[in-house]
4 protein chains.
Amino acid sequence: MDTPMNSTPEELARRVGEVMFAADTASRSTMGMQLLACEPGRAVMQMVVQPLHLNGHKICHGGFIFTLADSTFAFACNSYNKNAVAAGCSIEFLRPAHEGDVLTCTGVEQTLSGRHGIYDMCVRNQHNDVVAMFRGKSAQIAGTVIP
Amino acid sequence: MDTPMNSTPEELARRVGEVMFAADTASRSTMGMQLLACEPGRAVMQMVVQPLHLNGHKICHGGFIFTLADSTFAFACNSYNKNAVAAGCSIEFLRPAHEGDVLTCTGVEQTLSGRHGIYDMCVRNQHNDVVAMFRGKSAQIAGTVIP
Amino acid sequence: MDTPMNSTPEELARRVGEVMFAADTASRSTMGMQLLACEPGRAVMQMVVQPLHLNGHKICHGGFIFTLADSTFAFACNSYNKNAVAAGCSIEFLRPAHEGDVLTCTGVEQTLSGRHGIYDMCVRNQHNDVVAMFRGKSAQIAGTVIP
Amino acid sequence: MDTPMNSTPEELARRVGEVMFAADTASRSTMGMQLLACEPGRAVMQMVVQPLHLNGHKICHGGFIFTLADSTFAFACNSYNKNAVAAGCSIEFLRPAHEGDVLTCTGVEQTLSGRHGIYDMCVRNQHNDVVAMFRGKSAQIAGTVIP
């Protein structure tokens, strides 16, 4: 079995992603997200808009678009196997998402200095149109994701 | 039957809330929220943290706390029966929420000038501790919620 | 001479404000602000819009409205004589400010839990119209403002 | 004399920048900024931290770092010679700036869809360290910067 001890950063990030995702009921079961990639300082997640995601206007609830971006943020900023938490975030909604739309969120580290990082998440639909942009500030805390 | 025509602002807001909530699958069915009040420029919603809300740290996914606040924002800023949309929002997370916690979100209009408003949502747990603070900027668009 | 040792919280806050303001070239000399009040968890500052504040549209530069709110935030969150720094902030601009307008910013603590606080600043003009709303998150660090 | 009529987008952006900057007392005279580039959807500005910029901690007032980024945002989002205004912005401060530091802010359009755009500004010091990251949302309004 692979252990983090002798892993490359890429292997470690992938394994951190697998362990986190398996335990994440909210993202996996409730929202129906998939984790497409977890790399050092970067993650990609996907979610198909289903009837359960629709609000009273019959579009995807903005909170669930936020949730997709927030999950992607968590995977990207924990990818070094050092526990990190969100210390603030903001989102801009650019266009609505409808039932059947395939939303792909890519999260990329912009800067990491000491314990603090800035990550940008961009949510696009199947036409590559930008649906939302999310910026998160992370703070590393004590502990690791996997032993 | 009551019609908006002869309603007070309080009655109109309550009725707008009922109609919006009935149609809002995401908030009502998927997240399990309750709408406790919808008044002119103000709304109160509640959500009990259940296993479906938990992330990999076994705390409520921050995205779902955002979703609770975002829904409350929608009810508060549509309460005049003029369609309004979110034009940006930010959230600060103050403390985690655990399974069984009862989260109550109160949303209050701070200013409404022309078509643009600012609303502050505050999410508290059953001990009255602040869990998150959310600020939303709304823009009224054409149309009404109920005819 | 008064020492913080035997001061009430109100006296201590006032004195912290005086010492900080005297040393704050940017707010006092460059921008021309006045400190009207510094109380525990609260501060009030004022700035008259002068030609030096005007941008190419001949209205007050939004950055200087931000600066007025950011200074007020600093006085409010340092008022306990425990060093505090801004850990993130957001601003919404509601209406422009013109030459001669008297801008008054009131900053009030919304929550303080452990080392982290949320403060809301509201900038109004001489007609009591809201010009901007600013929200800041503070973190207390080691040290005191005055010995 | 060059007229916008027969200009390339690059020439038009440069000329819009010159006209806006000449009229911008706040950025040019009060803050001492320089406009290094104004291109379609992009701008670069610079400011040397001087004694007039220092707050009570003897570091550059965060409001003036915001002001540098906000000005850069204005040049970038007006560079098509269509009037645009800020519709919200957020900033994250990463490290302090001291007297003598040379701050360079680069602003780049991330997305422009219809009348709404998102622009990211990054402020770096002379060591290329990130001092602050600013995100702005713009809305185009009626009119042009130059006739």
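The exercises below, each with a worked solution, concern a predicted model.

**Exercise 1. Decide whether Leu52(D) is buried, partly exposed or exposed, and say what surrounds it.**

Step 1. Locate the residue: Leu52(D) sits in the loop that joins strand S2 (42–48) to helix H3 (62–77) in chain D.

Step 2. Count its neighbours: 16 C-beta atoms lie inside 10 Å of Leu52(D). A buried residue needs 20 or more, and an exposed one has 12 or fewer. Leu52(D) therefore counts as partly exposed.

Step 3. List its contacts. Setting aside residues up to four places away in sequence, Leu52(D) touches Thr25(C) and Thr30(C).

Step 4. Take a distance within the chain: between the C-alpha atoms of Leu52(D) and Gly32(D) there are 10.0 Å, with a separation of 20 residues in sequence.

**Exercise 2. Check the span of helix H3 (residues 62–77) of chain A against the value expected from its number of residues.**

Step 1. Helix H3(A) has 16 residues. The expected span is 1.5 Å times one less than the number of residues, which for this helix gives 22 Å.

Step 2. The end C-alpha atoms of H3(A) are 22 Å apart, so the two values agree.

Step 3. Turn to burial: 16 of the 16 residues of H3(A) are buried, and the helix is mostly covered.

Step 4. Repeat for chain C. Helix H3 (residues 62–77) of chain C also has 16 residues and reaches 22 Å, close to the 22 Å expected. Because 16 of the 16 residues of H3(C) are buried, the helix is largely enclosed by the rest of the structure.

**Exercise 3. Describe the hairpin of S1(A) and S2(A).**

Step 1. Strand S1 (residues 34–39) and strand S2 (residues 42–48) of chain A are antiparallel and share 5 bridges.

Step 2. One bridge joins Gln34(A) to Gln46(A) in S2(A).

Step 3. The hairpin has 2 residues between the strands, and Gly41(A) has a positive phi near 75 degrees.

**Exercise 4. Find which strands stand at the edges of the open sheet of chains C and D.**

Step 1. Write down the order of the 12 strands: S1(C)-S2(C)-S4(C)-S5(C)-S6(C)-S3(C)-S3(D)-S6(D)-S5(D)-S4(D)-S2(D)-S1(D), with antiparallel pairing.

Step 2. Strand S1 (34–39) of chain C and strand S1 (34–39) of chain D each have a single partner strand, so these are the edges, and one side of each lacks a neighbour in the sheet.

Step 3. From one strand to the next, the twist averages 15 degrees.

Step 4. Look at one edge: S1(C) pairs with strand S2 (residues 42–48) of chain C over 5 antiparallel bridges, and Gln34(C) is opposite Gln46(C) in S2(C). Helix H1 (residues 9–23) of chain C lies across S1 and S2 of chain C, at about 150 degrees to S1(C).

**Exercise 5. Work out what chain B gives to its contacts with chain A and chain D.**

Step 1. The contact of chains A and B takes 28 residues from each. On the chain B side, helix H1 (9–23), helix H2 (25–30), helix H3 (62–77) and strand S3 (84–93) each give two or more residues.

Step 2. By class, this side has 12 nonpolar, 13 polar and 3 charged residues.

Step 3. Strand S3 (residues 84–93) of chain A pairs with S3(B) in the antiparallel sense over 3 bridges, and Cys89(A) is opposite Ile91(B).

Step 4. Towards chain D, 4 residues of chain B meet 4 residues of chain D. S3(B) supplies the largest share of the chain B side, 3 residues. That side divides into 1 nonpolar, 2 polar and 1 charged.

Conventions. Residues numbered from 1 in each chain as written. Chains lettered and ligands numbered in written order. Predicted model: local features only at pLDDT ≥ 70, side-chain atom pairs only at ≥ 80, totals over all residues. Helix = DSSP H or I, 4+ residues; strand = E, 2+ residues; numbered from the N terminus. Contact = placed C-beta atoms within 7 Å. Nonpolar A, V, L, I, M, F, W, Y, C, P; charged D, E, K, R; others polar. Pairing = 2+ DSSP bridges. Axes fitted to C-alpha atoms, helices over the stretch in contact; angles between N-to-C directions.
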